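Below are some numbered remarks on this entry, set down for a colleague who will want to follow them against the coordinates.

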Amino acid sequence: MRSRRTISIVSCHAEGESGDVIIGGVLDIPSSTMHEKLVKFIDKYDGLRRLVLHEPRGRLEMSAMIVVPPCDPRADAGFLIMAPGDWVPMSGSNTICTATVLLETGMVPMKEPTTVLNLDTAAGLITATAVCEDGACTSVSFDNVPAFVYALDKDIDVPGVGRILVDIAYGGQWYVLVQAEALRVTVSLSDGDRLVELGNRVKKAVLDTCTPVHPENSAIRGINNIIISEPLLSGPEGLSVQHTVIVTPGRLDRSPCGTGSSARLAILHARKQIEVGQEVKFKSIIDTMFLGRIKEIVKVESHDAVVPNITGRAWITGEKHLYVDPRDPFPEGFQV
Ligand SMILES: O=C(O)[C@H]1NCC[C@@H]1O
């Protein structure tokens with residue numbers, strides 16, 4: 001075996017969504033903020049993103065995180081998030097994967113019955129609380145960066161569908177929320193290809209009319225992903241909703257999507273459908289669940305914002321080392 005590169009990975013999934021955590025083989029780029037680090041990594045390491053996430057070493061339906069030294073002195077670790085289509089400032093399922101890997105491998109010391117760890121991301125500092133038992137994390141809750149609404153009931157024209165109303169909100173990434181009924185689909189695996197295709201059409205229709213920009217960081221702009229949702233249900237066990245998230249460049253999130261659920265909490269609060277502390281069960285297309293609630297209300301510049309708290313579970317699935325044979329015609333992979 002010959003290789004000019006070795007990348008060491010612990011593989012994990014959170015409620016069905018795969019997140020590979022890179023724990024070795026990538027050198028840090030010292031920076032004063034995590035967002036500056038992200039920009040430098042995009043500039044220097046975009047080939048690494050393709051190597052890890054594109055075929056034949058990776059696949060469309062996964063993300064990968066690079067564990068890096070944090071910039072905020074309060075943080076235990078930092079991580080940057082790579083997806084097959086782009087780099088993103090924050091991700092919920094991937095925060096749960098990263099916290100689980102850091103604790104279960106001993107990179108951050110585990111304390112039972114709960115460990116609190118601060119994680120530095122390009123979107124801001126995230127406090128995660130892991131419930132730990134017999135050396136394992138049984139669940140991870142995290143306080144996300146503040147989530148807020150950009151638009152409610154925005155009228156857009158989706159080719160082949162017609163005029164529909166959508167909501168747009170930030171939850172660590174930018175989301176468009178659309179009701180499945182408006183697109184004449186159901187949130188089910190049998191409609192999977194159609195959900196992806198419609199999600200991409202909605203994304204383009206929104207971007208043709210507006211570009212949301214984060215008021216505190218103008219580099220966090222555009223639309224990342226689309227949430228297609230069934231109606232919110234209220235029953236004896238509280239509020240629940242089944243939704244799916246079409247992730248750039250076009251695939252279904254297997255988890256209920258932590259940043260998407262955070263954006264939804266901001267929308268639900270703006271619509272006066274939930275109160276601070278009230279729990280919502282967000283169910284994914286494969287029926288896995290994140291529990292969400294609003295921890296507190298804050299301001300992001302002039303926006304009323306909520307601090308989302310999201311809880312989910314993750315499991316380590318293996319370890320691997322990626323190699324690049326100097327003769328390999330696809331040192332940075334390919335996409336079909
Ligand atoms: O949970 C989340 O926020 C995400 N899951 C994969 C795509 C999103 O980053």
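**Notes on the domains, the ligand shell and the annotated site**

1. In this predicted model, the chain is divided into two parts, domain 1 (6–142 + 316–323) and domain 2 (147–312). The C-alpha centres of domain 1 and domain 2 lie 23 Å apart, and the contact between them takes 24 residues from domain 1 and 28 residues from domain 2.

2. On the side of domain 1 that touches domain 2, α2 and β8 (136–143) each supply at least two residues. By class, the residues on this side of domain 1 divide into 11 nonpolar, 9 polar and 4 charged.

3. The ligand is surrounded by 13 residues, of which the closest are Ser 91, Gly 92, Ser 93, Gly 258 and Thr 259. Two elements, α2 (92–104) and α5 (258–270), give two or more residues each to this shell, and α2 gives the most, with 3 residues.

4. As to where the shell comes from, at least three of its residues are drawn from each of domain 1 and domain 2. Its composition is 3 nonpolar, 8 polar and 2 charged residues.

5. An "active site" annotation, taken from an unreviewed UniProt entry, covers Ser 91 and Cys 257. These two residues span 167 residues in sequence, yet their C-alpha atoms are no more than 7.8 Å apart, so they gather at one spot.

6. Ser 91, which is also listed among the residues closest to the ligand, is found in the loop between β5 (87–88) and α2. Ser 91 counts as buried because it has 31 C-beta neighbours inside 10 Å, where 20 or more would be enough. When residues up to four places away in sequence are not counted, Ser 91 touches Ser 63, Ile 81, Gly 172, Gly 258 and Thr 259; Gly 258 and Thr 259 are also listed among the residues closest to the ligand.

7. Cys 257 is found in the loop between β17 (251–252) and α5. Cys 257 likewise counts as buried, because 31 C-beta neighbours lie inside 10 Å. With its neighbours within four places in sequence left aside, Cys 257 is in contact with Gly 92, Ser 93 and Val 245, and of these Gly 92 and Ser 93 are also listed among the residues closest to the ligand.

8. One point deserves care when the site is discussed: the "active site" label for Ser 91 and Cys 257 comes from the UniProt record, and that entry is unreviewed.

Conventions: Residues numbered from 1 in each chain as written. Predicted model: local features only at pLDDT ≥ 70, side-chain atom pairs only at ≥ 80, totals over all residues. Near = placed C-beta within 6 Å. Helix = DSSP H or I, 4+ residues; strand = E, 2+ residues; numbered from the N terminus. Nonpolar A, V, L, I, M, F, W, Y, C, P; charged D, E, K, R; others polar. Domains from an automatic or database assignment. UniProt positions renumbered as here; feature names shortened; annotations may be inferred. Buried ≥ 20, exposed ≤ 12 C-beta atoms within 10 Å, placed from the backbone. Contact = placed C-beta atoms within 7 Å.
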